[in-house]
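Here are a few exercises to work through with the model open in your viewer. Try each task before you read its solution.

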Amino acid sequence: LTCCFAKTSVGKSLFVDSMVVHWVLTEPKEVVGVLSLEATKDKWATNILSNFLGVRLINMDGAARREYLSRDDVREKAEKFLVKEDGSPTSWVCDERGASIEVVKEKILEMIIQLGVTILVADVYSDLMAGLSLEAQEELVAWFKKLIKEYPQVSVLLVCHTRKTDNNSQLTESDIIGTSTIMKSAAQTFSLERDKLSDSDFERNCTKVTVHKNRHHSETGPAGVVYFDKDTGKLYDLDQYLIDHPEINEF
């Protein structure tokens, strides 16, 4: 059980989409399932293809987007990303945003048992907890822990909002919205931080990643910085990006 947490509009979903793309491309034995609690399945598909293709599909009008996605080279590339060699999907998305907790649990079990999902992402988990009592929140976290014990091949990533804090203060696990059971139960927690109001356009597009808890591997602390390239809509390791774009480094 892993928890990713950040303030609103920092770019959690983009970061998680980038993780999904990485898993699909480098972990062929895994099947990713996304419980999308903010984006509809259509919006999620647009976002994930944009991330993979490095093209801002969201900025295209409907006709231009259809024309681009209909190109033979793009369709071939997208199909290799969306479908495994055996013809099965690389990922699944469920957008049951208005359903009850019990229905959501059924959908998660369906993804694991029937669809073979091994990496489950709840984005944003905080939306799932909205309106629940503290006791109900703790019961839901306990259910996820039980799920992992019952299906040990499954890893779960909970994407969480944080409470409003001083813009200059570094995030801690106690800033996670909801029950403290989330951070106590998670084997790993990491935060994303970005200065959205910086005078520097470059700094506004840099996100710092910090590992707060790492039960299995012990190492915690700063875990690098990712840079958002507005032209491609993708995230890049900042150090590597500066090597590949010396003009920015000089600037």
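**Exercise 1.** Which residue in S4 is the bridge partner of Val32?

*Solution.* Step one: Val32's bridge partner in S4 is Ile119. Step two: that bridge fits the wider pattern, with S2 and S4 pairing in the parallel sense over five bridges. Here two strands pair if DSSP finds at least two bridges between them, and strands (E, at least two residues) and helices (H or I, at least four) are DSSP runs, numbered from the N terminus. Step three: move on to strand S5 (residues 155-161), which pairs with S4 in the parallel sense over five bridges; there Leu158 is the bridge partner of Ala122.

A word on ground rules: this is a predicted model, where local features need pLDDT of at least 70 and side-chain atom pairs count only at pLDDT 80 or more, while totals for chains, interfaces and linings use all residues. Residues are numbered from 1 along each chain as its sequence is written, and side-chain values use heavy atoms, leaving out hydrogens and water.

**Exercise 2.** Work out how S4 is covered, buried or exposed.

*Solution.* Start with the count: five of the five residues in S4 are buried (under 20% relative accessible area; exposed is over 50%, partly exposed in between, with a 1.4 Å probe and protein chains only). Next, split them by side. In a regular strand the side chains alternate between the two faces of the sheet. Ile119, Val121 and Asp123 sit on one side, Leu120 and Ala122 on the other, and both faces are covered.

**Exercise 3.** Lay out the strand order and find the edges of the sheet.

*Solution.* First, the order: S3-S2-S4-S5-S1-S6-S7-S8-S9, an open sheet of nine strands with mixed pairing. Then the edges: S3 (91-94) and S9 (234-237) each have a single partner strand, so one side of each lacks a neighbour in the sheet. Finally, look at the S9 end: strand S8 (residues 221-229) pairs with S9 in the antiparallel sense over four bridges, and Val226 stands opposite Asp237.

**Exercise 4.** Which residues have the most contacts inside the largest nonpolar core?

*Solution.* Begin with the term: a nonpolar core is a set of buried Ala, Val, Leu, Ile, Met, Phe, Trp, Tyr and Cys residues joined through side-chain atoms within 4.5 Å. The largest has 33 residues, and Phe15, Val20, Trp23, Val121, Leu157, Phe190 and Leu192 have the most contacts inside it. Last, ask who contributes: helix H1 (residues 12-26) gives the largest share, seven residues.
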